[in-house]
Amino acid sequence: MKNSRRGFLKFAGLSAVGVAGSAAVATRTRASQEHEPPATEGKRLALVVDLRKFSRDDALLDKITDACHQTHNVPDFSDDPKNEVKWIWTEDFETAFLSQEFHYIREDLKGKPTLLLCNHCDNPPCTRVCPTQATWKRASDGVVMMDWHRCIGCRYCVVACPYGSRSFNWKDPRKAPNLAEIDSTYPTRMRGVVEKCTFCDERLARGEQPACVEVCENDEMVFGDLNDPESKVRQVLAEHLAIRRKPGLGTQPEVYYIVEDPRTLQEFAPAAEVFGEEGGHA
Amino acid sequence: MYDASKIVAGLAVFVVLATSPLWFNALNAASPNAPELPKPTNGSTECVEATEFMRTNHMNLLDQWRDTVVRDDVRTYTSEMSGKTFTMSLSDTCLGCHTKKDQFCDACHTYSAVDPYCWGCHVIPEEAQ
């Protein structure tokens, strides 16, 4: 066959498409494997917030927030919501559980301040989008970590997180009025860096509980390993009905909220028996 | 070539002027202004590694510490020199002995015109108090 320019160009073009296509397929396959949720070996740390134990104007809410924010030198820019940086904060119950569409709910839950923080999801969308791997899910215990050295401030993770758990430092955090006195055992962040709760990884490393859990004296918050059947979190979850935020998204949050109160439990008890009998007839 | 002598002389002057910073630095190699670092004030005489190693490699060691602590959750460092263990912490371990950051870190960094941004986040214990 005689080599023509036309023939050569056709061949070159087809080869280029073939090479690019196979490379893309290979990358896609690899990428989708990396996005599988991590195996549940090792620990799987989780937090249970017992909403029944918090009153509406509970001083404990502020105590918890202050404990966390002081320990981690979180700047207080709360006067301007745009600049606000928060690791743990409160929201109305209905707002916190928007996707559950609670209508006509119990009076005591209506507008009840609910503690919110990073959910340390089993399937975190924030870590997928990070272009520098500055945030990742720690394989040993499931904590969604932050490496503030690596964060380039692109804010993809802020957009990706469906829970609003990530804050961007628009202003120099050291200029915040509350950081005139800094806790020297923990660094601050720089302007242009995203920050969030890390389940107190520095305290976990010392064998301590997270700062928020430590100030709770009556198990208002319970922290532990879900993979350990004897752990306190597993016992609490086995005894009570707990809900999670936006379960439909498939992120598998690891922060649980107990909402029922003892009164409803008693009311449910006879109903459950009736239900059991009916089930027997069917 | 017309005016060869003028052109060559002019070129020579230009080359000398253009390379003058290099000459200047070469002649001042042993600068009398080289900083002297203060000894630790807490009586400690032993660093995590040998002094010579630290002088040339402290930045690499700190990079390694940063990655092992943050990414691998390993917080204890075993010295290759003495076999002793240290907590990998810039603010606590390093500045625990070298308390004067402005005389210890900054003196050399200013002299060699490097500007590490460790202190944008990490706290200098003396200043925090």
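Start in chain A of this predicted model by selecting β2 (88-92), β3 (113-117) and α7 (211-214), which are among the elements covering the buried residues of α2(A).

Now add the helix itself. Select residues 59-71 of chain A: that's α2, 13 residues reaching 18 Å from the first C-alpha to the last, close to the 18 Å expected at 1.5 Å a residue. Show side chains for A:Ile64, A:Thr65, A:Cys68 and A:His69, the buried residues of α2(A). Look down the axis and you'll see why they belong together: they cover an arc of only 120° around it, so they sit on the same side of α2(A). Spin to the other side of the helix and pick out A:Ala59 and A:Asp62, which are exposed. Before leaving, click on A:Asn73, just after α2(A), where phi is positive at about 50°.

Next stop, the core. The largest nonpolar core has 51 residues, and the ones touching the most other members are A:Leu47, A:Val48, A:Val49, A:Ile88, A:Leu117, A:Cys212 and A:Met221. Colour strand β1 (residues 45-50) of chain A as well, since you'll want it on screen: with 5 residues, β1 supplies the largest share of this core. Then centre on A:Met221. Setting aside neighbours within four places in sequence, its contacts are A:Leu47, A:Val48, A:Val49, A:Cys212, A:Val213 and A:Cys216. Apart from the big core there's another one, of 6 residues, including B:Val48, B:Trp65, B:Tyr77 and B:Met88.

Stay with β1(A) and bring in its strand partner. Which way do β1(A) and β10 (residues 255-258) of chain A run relative to each other? They're parallel, joined by 4 bridges. To find one, select A:Leu47 and its bridge partner in β10(A), A:Val255. Strand β10(A) also pairs with β9 (residues 242-243) of chain A, this time antiparallel, through 2 bridges. Here, pick A:Ala242 and its partner A:Ile258.

Zoom out to take in chain A as a whole. You should be able to trace 9 helices and 10 strands. Of its 282 residues, 30% are buried. Take the contacts between residues at least 6 apart in sequence, and 65% of them join residues at least 24 apart.

Last stop: where the chains meet. How many residues does each chain bring to the contact? Chain A gives 11 and chain B gives 12. Colour chain A's side by residue type and you'll get 5 nonpolar, 4 polar and 2 charged.

Terms used. Residues are numbered from 1 along each chain as its sequence is written. Chains are lettered from A and ligands numbered from 1 in the order in which they are written. This is a predicted model: local features need pLDDT of at least 70, side-chain atom pairs count only at pLDDT 80 or more; totals for chains, interfaces and linings use all residues. Two residues are in contact if their C-beta atoms, placed from the backbone, lie within 7 Å. Ala, Val, Leu, Ile, Met, Phe, Trp, Tyr, Cys and Pro count as nonpolar, Asp, Glu, Lys and Arg as charged, and the others, Gly among them, as polar. The expected span of a helix is 1.5 Å times one less than its number of residues. A residue is buried if 20 or more other C-beta atoms lie within 10 Å of its own, exposed if 12 or fewer, and partly exposed in between; C-beta atoms are placed from the backbone. The arc is that of the directions from the helix axis to the C-beta atoms. A nonpolar core is a set of buried Ala, Val, Leu, Ile, Met, Phe, Trp, Tyr and Cys residues joined through C-beta atoms within 7 Å. Two strands pair if DSSP finds at least two bridges between them.
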